[in-house]
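Subject: Handover of a protein model

Dear colleague,

I am passing on the structure below, together with some notes on what was found in it. Please read the notes with the coordinates open beside you.

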Amino acid sequence: MLPQIRSVRPVGPYTEIIEPSDLNIVSWPDLSLRMRATHVPSVEEASLVAPRMIELMHDAAGIGLAAPQVGLPWRMFVTFIPDADPVDRVFVDPAIELDLCGSPPQPYEEGCLSLPDLRLEILRPMGARISARDLHGDSFELSGSGLMARVWQHEFDHLEARLIFDLAQPVDAPTVKRWRKVYDIQ
Ligand SMILES: [Zn+2]
């Protein structure tokens, strides 16, 4: 028998009974990608859903996955960043602080597990500090730069319903337009 949990369901159309094995990565234009995440999962909820999110992230060869990407408007994401931070990490109710006083924002090509076939050069601050709770409910804080800080920012953006094409540079506008012409209607 699979574990079942009843969510608090403050807002949003997510199901009241969640079976983690039923969760899958949603693709654009799924509405959950455009819903700001408002639910802060309890330790119990997070502990049931996080392993499935980690499994989906690895199956898709991704380095981060946010709860809205599995259809849940929860303030939670997971990461596994080869070389930089090769640990399955869970961030519950994260807060992020960007290092805006150092070097200027750097470009780097990003993709997203929910936006097939789209890669865009995104400018982001090099460094960030993140605080969150883990699956025991304990608070932790991490500082990082480069890819680590970038992944945190990308995943945090999902909680705010912000996607990489929202951050595209003007030069990539035609690419985004072409991509959306195909994917908006799917
Ligand atoms: Zn993404």
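The notes below go from the overall picture to individual elements and then to some backbone details.

Please keep in mind throughout that this is a predicted model. The mean pLDDT of the protein is 92, and 91% of its residues reach 70 or more. The exception to keep in view is the stretch of residues 7-15, where the pLDDT is below 50, although in the model this stretch has 17 contacts beyond near neighbours in sequence. Where pLDDT is low, the predicted coordinates should not be read in detail.

As for the overall architecture, the protein has three helices and nine strands, and along the sequence these follow the pattern β-β-α-β-β-β-β-β-β-β-α-α. The radius of gyration is 16 Å, close to the 16 Å that the globule rule gives for 186 residues, so the protein is as compact as a globular protein of that length. Along its principal axes, the C-alpha trace spans about 50 × 40 × 30 Å. Buried residues account for 31% of the 186 residues, and, among contacts between residues at least 6 apart in sequence, 64% join residues at least 24 apart.

Turning to the helices, α1 has 17 residues, which at 1.5 Å a residue should span 24 Å, and this agrees with the 24 Å between its end C-alpha atoms. The helix nevertheless bends by about 30° at Val49, with a proline, Pro51, following within four residues. Val49 is itself buried, as are Glu45, Ala46, Ala50, Met53 and Met57 of the same helix. An α-helix has 3.6 residues a turn, so residues three or four places apart point the same way. Just after α1, Ala61 takes a positive phi of about 55°.

Helix α2, with 13 residues, reaches 19 Å from its first C-alpha to its last, close to the 18 Å expected at 1.5 Å a residue. This helix is mostly covered, with 12 of its 13 residues buried; the buried set includes charged-type names that you may wish to look at, among them Arg150, Glu155 and Asp157, as well as Trp152 and Phe156. After α2 comes Ala161, whose phi is positive, near 65°.

Glu160 is found in the loop between α2 (147-159) and α3 (173-183). Why does Glu160 count as partly exposed? The reason is that 13 other C-beta atoms lie within 10 Å of Glu160, whereas 12 or fewer would make a residue exposed and 20 or more would make it buried. The C-alpha atom of Glu160 is separated by 6.4 Å from that of Ala37, although the two residues are 123 apart along the chain.

Among the strands, β8 (residues 127-133) has two faces that can be told apart: Ala128, Ile130 and Ala132 form the covered one, while Gly127, Arg129, Ser131 and Arg133 form the uncovered one. Strand β8 pairs with β5 in the antiparallel sense over six bridges, and within this pairing Ala95 stands opposite Ser131. Strand β8 is also joined to β9 (residues 139-145) by seven bridges, again antiparallel, with Ser139 in β9 as the bridge partner of Arg133. The hairpin of β8 and β9 has five residues between the strands, and in this hairpin Gly137 takes a positive phi near 85°.

Some further backbone details deserve a check on your side. Most residues other than glycine have a negative phi, and most peptide bonds are trans. Against that background, a cis peptide bond joins Trp28 and Pro29, with omega about 10°, and Pro29 has its place in the loop between β2 (17-18) and α1 (43-59). Asp83, which is not a glycine, has a positive phi of about 70°; this residue sits in the loop between β4 (76-81) and β5 (85-99), and Asp83 is exposed because there are 8 other C-beta atoms within 10 Å. Asp117, likewise not a glycine, has a positive phi of about 65°, but the place of Asp117 is in strand β7 (residues 115-124). With 8 C-beta neighbours inside 10 Å, Asp117 counts as exposed.

With best regards

Technical notes
Residues are numbered from 1 along each chain as its sequence is written. This is a predicted model: local features need pLDDT of at least 70, side-chain atom pairs count only at pLDDT 80 or more; totals for chains, interfaces and linings use all residues. pLDDT is the predictor's confidence in each residue, from 0 to 100. Two residues are in contact if their C-beta atoms, placed from the backbone, lie within 7 Å. The radius of gyration is taken over C-alpha atoms; the globule rule is 2.2 Å times the number of residues to the power 0.38. The expected span of a helix is 1.5 Å times one less than its number of residues. The bend at a residue is the angle between axes fitted to the seven residues ending there and the seven starting there. Two strands pair if DSSP finds at least two bridges between them.
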